[in-house]
Amino acid sequence: MNINFVCMGNICRSPMAEYVMKDLIEKAGLSDKIFVESRGTFADQFSPIHSSTCYELKKHGIPFDNRRISKKFTRADYKNCDMIIGMDSENIWDIKNIAGGDPDNKIFLMMSFCGENRDVDDPYYTDKYDITYKDISRACDALLKKISQS
């Protein structure tokens with residue numbers, strides 16, 4: 001299974017989700033079955049992971065590599081992924097626009113895995129990386145349970 005987390009710039013929410021999910025998958029012994037990446041709908045390829053995202057991941061003992069470039073979501077990513085998870089409703093709109101729709105029904109809103117129809121707030125603007133981490137952690141836990149049950 002190939003999962004891609006998507007936010008706007010691929011510097012805060014989507015890399016946070018990528019590394020939280022990778023950690024959960026590793027602990028569950030599923031690293032050989034589930035591949036995880038992250039992208040941004042407007043990534044500029046010159047931005048590293050935001051320092052506050054790195055701080056939040058370190059604070060919770062989540063391993064990560066401090067990559068130097070952000071990655072942009074493309075139509076090819078849609079084809080290559082089993083699940084594409086947007087952090088907010090604007091990201092979902094942008095993903096569908098880039099992909100040419102969602103004919104395979106594989107685009108999901110992050111908090112929908114918790115039974116909630118709401119966005120994960122962008123900490124780049126709110127500066128509440130701890131709250132974003134809590135949302136992402138809950139949603140990744142729920143997502144892994146969903147995947148494990150199928």
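This report walks through the fold of one chain, two of its helices and a handful of single residues.

The model is a predicted one, so local features need pLDDT of at least 70 and side-chain atom pairs count only at pLDDT 80 or more, while totals for chains, interfaces and linings use all residues. Residues are numbered from 1 along each chain as its sequence is written, and side-chain values use heavy atoms, with hydrogens and water left out.

**The chain as a whole**

The chain has 6 helices and 4 strands, taken as DSSP runs (H or I of at least four residues for helices, E of at least two for strands) and numbered from the N terminus. Reading from the N terminus, the order is β-α-β-α-α-β-α-β-α-α.

How does the radius of gyration of the chain sit against that of a compact globule? With 150 residues, a compact globule would come out near 15 Å, and the chain has 14 Å, which agrees. That radius is taken over C-alpha atoms, and the globule rule is 2.2 Å times the number of residues to the power 0.38. Along the principal axes, the C-alpha atoms fill a box of roughly 40 × 35 × 30 Å.

Of the 150 residues, 50% count as buried. Here buried means under 20% relative accessible area, exposed means over 50%, and partly exposed is in between (1.4 Å probe, protein chains only). The chain exposes about 7600 Å², with carbon and sulfur atoms supplying 50% of that; the areas come from the Shrake-Rupley method with a 1.4 Å probe, and for residues only the protein chains shown count as cover.

Contacts (heavy atoms within 4.5 Å) reach a long way along the sequence: among those with a separation of 6 or more, 74% join residues 24 or more positions apart. As for charge, the mean positions of the 21 positive and 23 negative charges are 2 Å apart. Lys and Arg count as positive and Asp and Glu as negative, leaving out His and the chain ends; each charge is placed at NZ of Lys, CZ of Arg, CG of Asp or CD of Glu.

**Helix H1**

H1 covers residues 13-27. Its 15 residues should span 21 Å at 1.5 Å a residue, and its end C-alpha atoms are 21 Å apart, which agrees. The expected span is 1.5 Å times one less than the number of residues. Why call H1 largely enclosed? Because 12 of its 15 residues are buried, including Arg-13, Glu-18 and Asp-23 alongside Val-20, Leu-24 and Ile-25. Their packing partners are S1, strand S2 (35-40), H2, helix H4 (89-99), H5 and H6.

Ala-17 gives a good view of that packing. This residue lies in H1 and is buried, at 0% relative accessibility. Neighbours within four places in sequence aside, Ala-17 touches Phe-5, Met-87, Met-110, Ile-136 and Cys-140. Its C-alpha is also 9.6 Å from that of Thr-132, 115 residues away along the chain. Just after H1 comes Gly-29, with a positive phi near 70°.

**Helix H6**

H6 (residues 129-149) has 21 residues and reaches 30 Å from its first C-alpha to its last, close to the 30 Å expected. Its buried residues include Tyr-129, Thr-132, Tyr-133, Ile-136, Cys-140, Leu-143 and Ile-147. An α-helix has 3.6 residues a turn, so residues three or four places apart point the same way. Among the elements covering the buried residues of H6 are strand S1 (2-7), H1, helix H2 (51-59), strand S3 (83-86) and helix H5 (123-126).

Lys-59, in H2, is partly exposed at 46% relative accessible area. The C-alpha atoms of Lys-59 and Asp-130 are 9.7 Å apart, though 71 residues separate them along the chain.

**Loops**

Gly-9 sits in the loop between S1 and H1. Beyond its neighbours within four places in sequence, Gly-9 is in contact with Gly-40, Ala-43 and Ser-70. Lys-145, 136 residues from Gly-9 in sequence, is 28 Å from Gly-9, C-alpha to C-alpha.

Two other loop residues stand out for their backbone angles. Most residues other than glycine have a negative phi, but phi is positive for Asn-105 and for Asp-127.

| Residue | Phi | Loop | Relative accessible area |
|---|---|---|---|
| Asn-105 | near 50° | between H4 and strand S4 (107-109) | 60%, exposed |
| Asp-127 | near 60° | between H5 and H6 | 58%, exposed |
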